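Ready to get your hands on a structure and work a few things out for yourself? Grab a pencil and have a look at what comes next.

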Amino acid sequence: MEIIIQPNADAAASLVVKMVEQTVRQKPNATLGLATGRTMEVVYDKLADKHASEGLDFSGCSTFNLDEYIGLPAEDVNSYRYYMNELLFKQINIDLGNTYLPNGVAEDIDAECEVYEQRIAELGGIDFQLLGIGSTGHIGFNEPLSALRSRTRAKALTPETREQNAPMFDNDLNVVPKRAITMGVGTILDSYRCVLLATGKAKASIVAQATEGPVTSMISASALQLHPRCTIVVDEDAATELINTEYYRWIFANEPEWQEFQ
Ligand code: GLP
């Protein structure tokens, strides 16, 4: 794992966008794992810009999102399908038929989860998985005590997560879904590469616990310490509770892999 600290949220998102760009240019038929949440909005905005101004080509790519609320159909403005269509898919030249999210209104949720895993496997696995982090330490919707080897399944959301996401539902907690389908921690760990983006002071404590603390199912993001190729990108605000920052900064400034990202 490496931790890269950028001066502000915009620079952190730009760095993540460069990593996505590098992946897509090296492998035009890449399978991308995508995340939702407020942190990702600027990433998708910048990817749309790259497509519009530099012709970054997504026509050969496939995507799998981490999660979807159970009970929200694709047309619901709060569904993650709606979010992805509006913020990214309609803004780039990806074939909508190659964009996958779990179906939150599937009649048989277990079967839906199984098919989702099968589809990922059929496409050869996820080349690049983008991740955010929730205040409970979740990646996707893997709430505390998610098994470190879990696969795509239904998960109950914690009251804290429902509160964190309530602003998108006009702050009406009653309408925030109670369950979601999420890729498992094991599914995420199977990706070839993963990048977690966290910005802002509110994420500082959970980022430090997940990266410099012990691996524990209480904080699903800590499982990323087991991933062979994982990068955590943070801004200065989200880095305030990290201990070993001097070393992380040295790595980013000196390691050959990061020279093209300076
Ligand atoms: C949701 C998503 C997560 C995301 C998290 C963080 O709960 N399921 O994948 O990481 O939000 O959201 P934000 O970026 O808004 O803080």
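Below are four exercises on this predicted model, each with a worked solution.

**Exercise 1. Find how the rings of Tyr44 and Tyr83 are arranged, and where the two residues sit in the chain.**

Solution. Start with the distance: the ring centres are 6.3 Å apart. Rings pair if their centres lie within 6.5 Å, so these two count as a pair. Next comes the angle, which is 80° between the planes. Anything over 60 degrees counts as edge-to-face, so that's the label here. Now place the residues: Tyr44 belongs to helix α2 (residues 38–54), and Tyr83 to helix α3 (residues 80–87). With their positions 39 residues apart, the pair links distant parts of the chain. Finally, check the surface: both Tyr44 and Tyr83 are buried.

**Exercise 2. Do the same for Tyr69 and Phe169, then see which cluster they join.**

Solution. The centres of these two rings are 5.6 Å apart and their planes make an angle of 80°, which gives an edge-to-face pair. Tyr69 is in strand β4 (residues 67–69), while Phe169 is in the loop between α5 (159–165) and β8 (179–182). They're 100 residues apart, so to speak a link between distant parts of the chain. Tyr69 and Phe169 are both buried. Now step back: ring pairs tie Tyr44, Tyr69, Tyr80, Tyr83, Phe141 and Phe169 into a cluster. The full count for the model is eleven aromatic pairs.

**Exercise 3. Compare the span of helix α1 with the expected value, then look at its start and its buried residues.**

Solution. Helix α1 covers residues 9–26, which makes 18 residues. From first C-alpha to last it reaches 26 Å, close to the 26 Å expected at 1.5 Å a residue. At the start of α1, a side-chain oxygen of Asn8 comes to within 3.2 Å of the backbone nitrogen of Asp10. As for burial, the buried residues of α1 include Ala11, Leu15, Val16, Met19 and Val20, and also Glu21 and Gln22.

**Exercise 4. Work out which residues come nearest to the ligand, and which polar side-chain atoms lie by its nitrogen and oxygen atoms.**

Solution. There are 14 residues around the ligand, and Arg38, Thr39, Asp67, His138 and Lys203 come nearest. Take the nitrogen side: a polar side-chain atom of Asp67 lies 2.8 Å from a ligand nitrogen. Then the oxygens: Lys203 has a polar side-chain atom 2.6 Å from an oxygen of the ligand, and Asn165 has one 3.3 Å from a ligand oxygen. Last step, the cover: taken alone the ligand exposes 400 Å², and the protein buries 97% of that.

Conventions:
Residues are numbered from 1 along each chain as its sequence is written. This is a predicted model: local features need pLDDT of at least 70, side-chain atom pairs count only at pLDDT 80 or more; totals for chains, interfaces and linings use all residues. Side-chain values use heavy atoms; hydrogens and water are left out. Rings of Phe, Tyr and Trp (its six-membered ring) pair if their centres lie within 6.5 Å; planes under 30 degrees apart count as stacked, over 60 as edge-to-face and the rest as tilted. Helices (H or I, at least four residues) and strands (E, at least two) are DSSP runs, numbered from the N terminus. Buried means under 20% relative accessible area, exposed over 50%, partly exposed in between (1.4 Å probe, protein chains only). The expected span of a helix is 1.5 Å times one less than its number of residues. A polar contact is a pair of N or O atoms within 3.5 Å; within protein, one must be able to donate a hydrogen and the other to accept it, and residues adjacent in sequence count only if both atoms are side-chain atoms. A residue is near a molecule or strand if one of its heavy atoms lies within 4 Å of it. Accessible areas come from the Shrake-Rupley method with a 1.4 Å probe; for residues, only the protein chains shown count as cover.
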